[in-house]
Amino acid sequence: MLNNIAFKDYKKSDDIHGTVLYPAVMVAPVQKSVLNDIILKNDISSIFDPFHGSGTALYEAMEISTNLHLVGCDINPLANLITRVKLQGVNSHVFKDIEKIKSYLSDPKQIYPFSFPNMEKWFRKDIFESLKIVRSAIMNIKDEQNRLFFWYMLCDIIRKHSNTRSSTYKLHIKEINAISRIENKVVANFISTIEKNVDKFMHESKNFVLYKCDVLKKIKAFDSRVFDVSITSPPYGDNATTVPYGQFSMLALYTISQNDLELEGWELDNYSVIDSNSLGGRNSEDTLNTYEKNLIKPYLDRISISKHKKVIRFFYDYFQFLKELCRVTDKYIVLTLGNRTVDRVQINLTDITKAFLESQNFSNIKQAQRDIPVKRTPKVTSIVHQKPVSSMNCEYIIVHKRDI
Ligand SMILES: C[S@@+](CC[C@H](N)C(=O)[O-])C[C@H]1O[C@@H](n2cnc3c(N)ncnc32)[C@H](O)[C@@H]1O
């Protein structure tokens, strides 16, 4: 396990994980290799990913065995849609449905109106009109399973044709000249992308449950030791100052029909609400206990007072989560982690997490480090005291096993 995790030749574009962009995804063959090893040597029937994102780990678990019971959670409705489509695939009517879409697009009749806040800022008018037509074509598909696949396939087209820059996951408007240079290939790209990728969606798990919710709330409802293996990559800090998964997803979320999204009701309120409701994003007066405080004290001591609140808020949520994760996991916890930097101080999330898990009777049995090859989160994120501040460049995979 974890002997060679470089997988330098692995290209996401060759498999299902390359069919949609999502920030900070795990590397599929790494997760598969860890899971394979654990599953081969143990009696494993259930896998839990509490921050499933684009569903890398759950999908790889399904590839190992379709009998595994897969459970996932994510607060972001786009992550929920992406993972659902990866796990349920398409059905035998899909080729007929593709023909229906093509025929509608060659002669669109009924175009459903839609709008959302600031849409003129994020889409050129002609592009918005084309998206409206593709959106209507998808809404006319009756089969829900295939319709969700079509929404999934629209996600990257939306982003590529929007006025936001591709160099960052944040919404950051392009220069006016760059906007005018965008080629409107919405319809042609949509058709070619569904035809090119549909064959990758022929696998399905019959045994999965996805929860679109805040895992801090959901996890408390699970019985103790109910999952054999928990495998995930949690956020490394509050979304607003690390990876804005919510902001990244908003243009797709505003475009996809609300009937086809799992929504609690607040997610489309504004462009930043998903990020502020995510781990470490909420304002609260909750505070750490002495053990937890001591774990992060060496870092806090070197960070300016004005940033303490943000760091403490994240770790309050993070420790609550880890404690519950240990309670609900019966055998193994596998985490992929990054160490973020605040005020030029690198917060060693890996060491902090290892210590916390050990305190909950989960011993570390493996650790590996991997360079992050392709990153949209820049290596240098900001300038503090006239010096550039580097962000995460490595990820760490740790495996912990329950002691008794
Ligand atoms: C590092 S990403 C997971 C990426 C995933 N492993 C993959 O390969 O695509 C972290 C995920 O945590 C989710 N998240 C953040 N706070 C959450 C919360 N309180 N409850 C549930 N999910 C949350 C984000 O929406 C994001 O999808």
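Trainee: Which residues are closest to the ligand, and how many surround it?

Mentor: In this predicted model, 20 residues surround the ligand, and the closest are Tyr22, Met26, Ser54, Thr56 and Asp74. A residue counts as near when one of its heavy atoms lies within 4 Å of the molecule. Because the model is predicted, local features need pLDDT of at least 70 and side-chain atom pairs count only at pLDDT 80 or more, while totals for chains, interfaces and linings use all residues. Residues are numbered from 1 along each chain as its sequence is written, and side-chain values use heavy atoms, with hydrogens and water left out.

Trainee: What makes the approach of Tyr22 to the ligand a polar contact?

Mentor: A polar contact is a pair of N or O atoms within 3.5 Å. An N or O atom in the Tyr22 side chain is 2.7 Å from an oxygen atom of the ligand, so the pair meets that limit.

Trainee: Which residues have an atom 2.9 Å from a nitrogen atom of the ligand?

Mentor: Asp214 does so through a polar side-chain atom, and Val215 through a backbone N or O atom. The protein covers 100% of the 600 Å² of accessible area that the ligand has on its own, by the Shrake-Rupley method with a 1.4 Å probe.

Trainee: Why is the space taken by the ligand called a cavity?

Mentor: On a 1 Å grid over the protein atoms alone, a cavity is a set of points where a 1.4 Å probe fits but cannot get out. The ligand takes the space of the largest cavity, and a molecule sits in a cavity if more than half of its atoms lie within 2 Å of its grid points. That cavity holds about 320 Å³ of space, the volume being the space filled by probe spheres set on the points.

Trainee: Which residues lie nearest the centre of the largest cavity?

Mentor: They are Phe51, Gly53, Asp74, Pro235 and Tyr245, from a lining of 29 residues; lining residues have an atom within 4 Å of a point. The lining divides into 15 nonpolar, 10 polar and four charged residues. Gly counts as polar and Asp as charged, whereas Phe, Pro and Tyr count as nonpolar.

Trainee: Which helix gives the most to the lining of the second largest cavity?

Mentor: Helix H7 does, with four residues. Both H7 (144-161) and H11 (245-255) supply at least two residues each, a helix being a DSSP run (H or I) of at least four residues. This cavity holds about 70 Å³ of space, and its lining has seven nonpolar, no polar and two charged residues.

Notes: Polar contact = N/O pair within 3.5 Å; in protein donor to acceptor, adjacent residues only side chain to side chain. 1 Å grid on protein atoms, 1.4 Å probe; cavity = no way out; pocket = protein on both sides within 12 Å on 5 of 7 lines; lining within 4 Å.
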